[in-house]
Amino acid sequence: MKRTTGHLAEKNGKWYAVINLYDTEGHRKEKWTSLDLEAKRGTKTEANHRMNELLAKFNTGELYLMESLTKAEQERIRVANMPLSDYLSEWLELHKANVSILTYQGYYEMVHSRMMPYFASQGLCVKDVTGDEINEFYLSLRKEGLTGATAQRHHSLLHLAFRSAVKRRIIPTNPCDQADRPKANQYIGSYYNADELKTLIEALDDDPMRIPVILTAYYDLRRSEVLGLKWDAIDYKDKKIIIRHKIVEVKTPKGKVLEGWMS
């Protein structure tokens, strides 16, 4: 590899280093790099110093290698060396268009409330994460008192984020595959029997909650689905209720608000 050389040049009142780079066939091309210095009297010595530091990086291969890579390869290196906490935030925003607003809200909460603070404190880059670090994160969740089911949701989200990194050829394998998927206790739900439900409905006589409770009990609706019912959801001809609108709680910079969404 030829030794990289260069010279100073003025442009628009600024100092630039004009670097001579060579391709694999020995053809020279010039690369203009700003030295972030005004071309005023008395600044040329400092400009030379900055140019020489830049040339040294090229000649040790640090920058020359980057210049020889494609933009896609440079992007992969950038992300691989990115702090994991930053990568998760960046990935989430890129992934936002692929999921519903409700799913995004859940992902945002997990990433920003626990994942980013934890991994930022560990100082890990994307390329350095292994199953051991992932397991340590799961352990921290359990120490905070989170259930196994909640830890599993964090696992699924991390797996999705790293799967994207594997697909983009940023990392060779998914570290979540090397980690132990959190275990969750079997959920045993409790519910009203017919007599209890009858007693509840009778107790709600003349109460605004009576109709939502009846709809929930008879049609097995979620809270968001009951709140989102409109008159046009009722098909009187075929005697049907069509669930196509929800009222959900959404986090905004100004706080939590209720918004309507089509199912």
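Which residues does Gly 6 touch, not counting residues up to four places away in sequence? In the predicted model, Gly 6 touches Val 18, Ile 19, Asn 20, Met 51 and Leu 55 when such neighbours are set aside. Gly 6 belongs to strand β1, which covers residues 5–11. With a relative accessible area of 27%, Gly 6 is classed as partly exposed, because this value falls between the 20% limit for buried residues and the 50% limit for exposed ones. A separation of 49 Å lies between the C-alpha atoms of Gly 6 and Met 110, residues that are 104 apart along the chain.

The overall dimensions of the protein provide the setting for these local features. Its radius of gyration is 29 Å, whereas a compact globule of 263 residues would have a value near 18 Å. The C-alpha trace spans about 90 × 40 × 35 Å along the principal axes. The secondary structure comprises 10 helices and 7 strands. Of the 263 residues, 32% count as buried, and the exposed surface amounts to about 18,000 Å², of which carbon and sulfur atoms supply 51%. Among contacts with a separation of 6 or more, 43% are accounted for by residues 24 or more positions apart. The protein carries 40 positive and 36 negative charges, and the mean positions of the two sets are 5 Å apart.

In soluble globular proteins, nonpolar side chains tend to be buried together. The largest nonpolar core of the model contains 35 residues, and Tyr 87, Leu 88, Phe 119, Ile 134 and Leu 158 are those with the most contacts inside it. At least two residues of this core come from each of the helices α3 (71–80), α4 (84–95), α5 (101–122), α6 (131–143) and α7 (148–167). Helix α5 gives the most, with 8 residues. Beyond its neighbours within four places in sequence, Phe 119 is in contact with Leu 84, Ser 85, Leu 88, Leu 124, Glu 133, Ile 134, Phe 137 and Leu 158. A second, separate core has 12 residues, including Leu 35, Ala 47, Met 51 and Leu 54.

Two buried residues illustrate contacts made by the helices. Val 79, in helix α3, has a relative accessible area of 0% and is therefore buried. Outside its neighbours within four places in sequence, Val 79 is in contact with Tyr 87, Glu 90, Val 126, Arg 168 and Ile 170. Of these partners, Arg 168 is 89 residues from Val 79 in sequence, and the C-alpha to C-alpha distance of the pair is 10.0 Å. His 155 lies in helix α7 and is likewise buried, with a relative accessible area of 7%. Apart from neighbours within four places in sequence, the contacts of His 155 are Tyr 138, Cys 176, Arg 181 and Pro 182.

Backbone geometry was also examined. Most residues other than glycine have a negative phi. Asn 12, by contrast, has a positive phi near 55 degrees. Asn 12 is placed in the loop between β1 and β2 (14–22), and its relative accessibility of 72% is such that Asn 12 counts as exposed. Arg 169 also has a positive phi, near 60 degrees. This residue occupies the loop between α7 and α8 (194–203); Arg 169 is exposed, with a relative accessible area of 59%.

Technical notes. Residues are numbered from 1 along each chain as its sequence is written. This is a predicted model: local features need pLDDT of at least 70, side-chain atom pairs count only at pLDDT 80 or more; totals for chains, interfaces and linings use all residues. Side-chain values use heavy atoms; hydrogens and water are left out. Helices (H or I, at least four residues) and strands (E, at least two) are DSSP runs, numbered from the N terminus. The radius of gyration is taken over C-alpha atoms; the globule rule is 2.2 Å times the number of residues to the power 0.38. Buried means under 20% relative accessible area, exposed over 50%, partly exposed in between (1.4 Å probe, protein chains only). Contact means heavy atoms within 4.5 Å. Accessible areas come from the Shrake-Rupley method with a 1.4 Å probe; for residues, only the protein chains shown count as cover. Lys and Arg count as positive and Asp and Glu as negative; His and the chain ends are not counted. The place of a charge is taken as NZ of Lys, CZ of Arg, CG of Asp or CD of Glu. A nonpolar core is a set of buried Ala, Val, Leu, Ile, Met, Phe, Trp, Tyr and Cys residues joined through side-chain atoms within 4.5 Å.
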